[in-house]
Amino acid sequence: MTPKRKAEHLRINLEEDVAAKGVRSGFERYRFIPRALPDVDFDSVSTTTELLGHRLGAPLLISCMTGGVSEAQIINTRLAWTAQRFGLALGLGSARVLLEQPEVLPTFDVRPFAPDILIFANLGAIQLNRGVTVDQCRKLVEMLRADALVLHLNALQEALQPEGDTNFSGLLGRITTLCRQIEVPVIAKEVGWGIAPDDVRALLAAGVAAVDVAGAGGTSWSEVERYRMNDPVRQQVAAAFADWGLPTADALVQARQAAPDATIFASGGLRDGMEVAKALALGADLAGMAGPFLRAAADGEDACNTFAEALIDVLRTVMFATGANDLAGFKANPRLARTGMDGPTDIEQW
């Protein structure tokens, strides 16, 4: 059943309108304050950064998406080529299927195409409540030659799936045990509805190395699941959650306030380089995208490379135009204003 579901998810994400309805990522509420005299040489502007002991060409994550079916192998290979070319982090799709059908490993295994990048293996956190052990998590990381393990938190999606796993009781304790015993960093992420500050603090206390707030405003997995349903009652239930969740910008700001020194990723509804720059200015250490990269990769290797290059070029240009020649300087003085109906509301500080 798992490979069939993965194939359905991939098709639906590419063919249907599964964007959140009635909620946006929140980045549209912010504008950069330009510097007419940036006092920076554009040629010296660098987007490089360090994360989890790895050097990245830009603070960009191609977020966890797919695997387990033949169509995913093509997508993942193209994404890996792009990540290798530009020095980006890459998250793989949920690897639970590898525990049941290890023969599908080639649809996930991108290390031969991207020997130098930061790769995240990925597993639904709920699987820890379904009997998946620390040793099995370790095996997944080893099979994929990954550098870290992402645990995705998708309670609402599981509640809407006919085949969903919904017993989340005691899960935090099992996450704590995994973090203590596994040798690689563990990252906790939502799947598009955001992580509130109290859960951010709890996950960090459990020992995760980073939290991806993965807020609302992009792909809605309640909408994805709605397209899989034939039962009209379940379709109505799923439709009720089309605007569910914390907008990504709000989740990011709240997470950074709750955990000033933590490693925080921001994904969920980021669509272009300007929104990547805004996420970094609001406190993200890494900005993640899934849907836009999926669609670019579906169009081919050149399209995927072009999309990534444009993201990085926009980020570099924003940094230059706000007077920063590296990411540390950019984040220390972000020159970002929240806007109201009539324009910027807190621009007076400049």
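The following dialogue concerns salt bridges in a predicted model.

Trainee: Why is the contact between Glu15 and Arg11 called a salt bridge?

Mentor: The closest N and O atoms of Glu15 and Arg11 are 3.3 Å apart. The cut-off is within 4 Å, so the pair counts as a salt bridge.

Trainee: Where do Glu15 and Arg11 lie with respect to each other?

Mentor: Both belong to helix α1 (residues 2-15), where they are 4 residues apart, or about one helical turn.

Trainee: How do you know whether Glu15 is buried or exposed?

Mentor: Glu15 has a relative accessible area of 55%. Exposed means over 50%, so Glu15 is exposed. Arg11, at 36%, is partly exposed, because this value falls between the limits of 20% and 50%.

Trainee: What makes Asp135 and Arg138 a salt bridge?

Mentor: Their closest N and O atoms are 2.4 Å apart, which is within 4 Å, and therefore the rule is met. Asp135 and Arg138 lie 3 residues apart in helix α4 (residues 134-144), about one turn of the helix. Asp135 is exposed, because its relative accessible area of 53% is over 50%.

Trainee: Why do Asp17 and Lys21 count as a salt bridge?

Mentor: The N to O distance between their side chains is 3.7 Å. That value is within 4 Å, so Asp17 and Lys21 qualify. Asp17 is partly exposed at 45%, and Lys21 is partly exposed at 30%.

Trainee: Which residues are linked with Asp17 and Lys21 in a network of salt bridges?

Mentor: Glu223 and Arg226 are linked with them in that network.

Trainee: How many salt bridges are there by this rule?

Mentor: The count is 17 salt bridges.

Note on methods:
Residues numbered from 1 in each chain as written. Predicted model: local features only at pLDDT ≥ 70, side-chain atom pairs only at ≥ 80, totals over all residues. Heavy atoms only, no water. Helix = DSSP H or I, 4+ residues; strand = E, 2+ residues; numbered from the N terminus. Buried < 20%, exposed > 50% of the residue type's maximum accessible area, 1.4 Å probe, protein only.
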